[in-house]
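This report describes the strand pairings, nonpolar cores, charged pairs and cysteines of one protein model. The account begins with a hairpin and proceeds to the side chains.

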Amino acid sequence: MQHYPYTFDEARVRGWISRNIERYQIFGFGLWAVCLRENGEMIGDCGLTMQSINGVIKPEIGYHIRRDHQRKGYAKEAAIAVRDWAFQNTPFNVIYSYMKYTNTPSASAAVSWGCHQVDEFKDEVNEITKVFAITRMEWQKLTACHADPDTDKSAEVLLSNVDKLHTTPLGVERIKQNLKTEADDVVAFCKQKILSGHCKIYRQGKNWYCETEDLKITVNAKSYTIITVHRRRDL
């Protein structure tokens with residue numbers, strides 16, 4: 001806890017636990033345990049919490065790794081998992097990480113999972129606080145560049161199940177509105193685009209994304225539901 005402004009006695013530990021329980025009750029998310037794959041040993045925590053950053057409440061990824069397991073890449077690995085979960089499961093378009101200006105390891109970890117410095121301000125607790133962030137668009141570009149090496153296999157899975165593609169009545173109206181079309185069979189339209197041979201197909205998290213020169217189609221990978229279609233110039 002070198003970079004904390006105070007040490008944690010029993011009262012502060014109990015208060016910290018209570019705050020994290022409350023975060024889950026209010027927001028549905030908070031800090032997760034960081035455990036070793038090989039034996040399940042807990043070596044720290046990492047998660048998404050709402051923090052006051054320069055007077056504004058913002059979603060922030062924080063991490064604490066036990067001293068004997070620091071500088072082994074665990075903070076980066078855990079933060080990437082939280083970052084991906086946050087962009088896939090929350091509406092936040094920017095995720096932050098902030099730390100005391102002397103906390104070089106945490107700043108380096110933030111850069112390693114895609115952040116860049118966006119602010120620096122003076123405060124009573126940290127003297128000077130540095131703020132790092134990554135936007136949803138930056139995350140999408142980053143994860144597309146580091147796509148699963150089995151992307152071709154993922155495309156094959158979707159292509160071999162293209163007959164399962166469907167959408168909901170709301171999906172039909174959403175797609176028509178986005179494409180500014182009155183076409184009745186938007187599912188057939190999407191199938192044609194996906195099977196055209198000019199469609200880049202890749203999977204990120206729970207969805208497949210199918211991109212042509214002018215369109216981006218989003219398909220739920222579990223149900224094969226076409227969630228939406230956008231013209232790429234509108235993205």
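In this predicted model, strands β2 and β3 form a hairpin with 2 residues between them. N54, which lies in the turn, has a positive phi of about 55 degrees. The two strands run antiparallel and are joined by 10 bridges. Within this pairing, L48 has I61 of β3 as its bridge partner.

**The nonpolar cores**

I61 also belongs to the largest nonpolar core, which holds 26 residues. Together with C46, Y63, I95 and W113, I61 is among the residues that touch the most other members of this core. Two or more residues come from each of β2 (42-53), β3 (56-65), α2 (74-89), β4 (94-100), α3 (104-112) and β6 (127-135). The hairpin strands β2 and β3 thus appear in this list beside two helices, α2 and α3. Helix α2 makes the greatest contribution, with 6 residues.

The surroundings of Y63 illustrate how this core is assembled. Beyond its neighbours within four places in sequence, Y63 is in contact with D45, C46, A75, A79, S97, S106, A109, A110 and W113. Two of these partners, C46 and W113, are named with Y63 among the residues that touch the most other core members. Apart from this core lies another, of 22 residues, which includes L158, C190, C210 and V219.

**The second hairpin and E120**

Strands β5 and β6 are also antiparallel, and 7 bridges join them. A hairpin connects β5 to β6 through 3 residues. In this pairing, F121 of the one strand stands opposite T129 in β6.

E120 lies in strand β5, which spans residues 116-123. In a regular strand the side chains alternate between the two faces of the sheet. E120 counts as partly exposed because its relative accessibility is 42%, which falls between the 20% and 50% limits. The side chain of E120 makes a polar contact of 3.3 Å with that of Q117. Leaving aside its neighbours within four places in sequence, E120 is in contact with I128, T129 and K130. By contrast, Q140 is 20 residues from E120 in sequence and 26 Å from E120 in space, C-alpha to C-alpha.

**Charged pairs**

Side chains of opposite charge can pair when their charged atoms come close. The model contains 7 salt bridges. Three of them are listed here with the distance between nitrogen and oxygen.

| Salt bridge | N to O distance |
|---|---|
| E10 and R14 | 3.0 Å |
| K216 and E211 | 3.7 Å |
| R231 and D214 | 3.8 Å |

E10 and R14 are 4 residues apart in helix α1 (residues 10-27), so about one helical turn separates them. E10 is exposed, with a relative accessible area of 56%, and R14 is likewise exposed, at 55%.

K216 and E211, which form a salt bridge, are both buried. R231 and D214 also form a salt bridge. Because R231 lies in strand β10 (residues 226-231) and D214 in the loop between β8 (207-211) and β9 (215-220), this pair ties together parts that are 17 residues apart in sequence. R231 is partly exposed, at 22% relative accessibility, and D214 is also partly exposed, at 32%. Elsewhere, salt bridges with shared partners join E41, R66 and D68 into one network.

**Cysteines**

How many disulfides does the model contain? The count is 0. A disulfide is a covalent bond between the sulfur atoms of two cysteines. For C199, the nearest cysteine sulfur is that of C210, 4.6 Å away, and C199 is in no disulfide. The reverse also holds: for C210, the nearest cysteine sulfur is that of C199, and C210 is in no disulfide. The cut-off is 2.5 Å, so the separation of 4.6 Å does not qualify.

Are these two cysteines buried or exposed? C199 counts as buried because its relative accessibility is 16%, under the limit of 20%. C210 is buried as well, with a relative accessible area of 0%, and C210 is one of the residues of the 22-residue core.

Key. Residues numbered from 1 in each chain as written. Predicted model: local features only at pLDDT ≥ 70, side-chain atom pairs only at ≥ 80, totals over all residues. Heavy atoms only, no water. Buried < 20%, exposed > 50% of the residue type's maximum accessible area, 1.4 Å probe, protein only. Contact = heavy atoms within 4.5 Å. Polar contact = N/O pair within 3.5 Å; in protein donor to acceptor, adjacent residues only side chain to side chain. Salt bridge = Lys/Arg side-chain N within 4 Å of Asp/Glu carboxyl O. Core = buried A, V, L, I, M, F, W, Y, C linked by side-chain atoms within 4.5 Å. Pairing = 2+ DSSP bridges.
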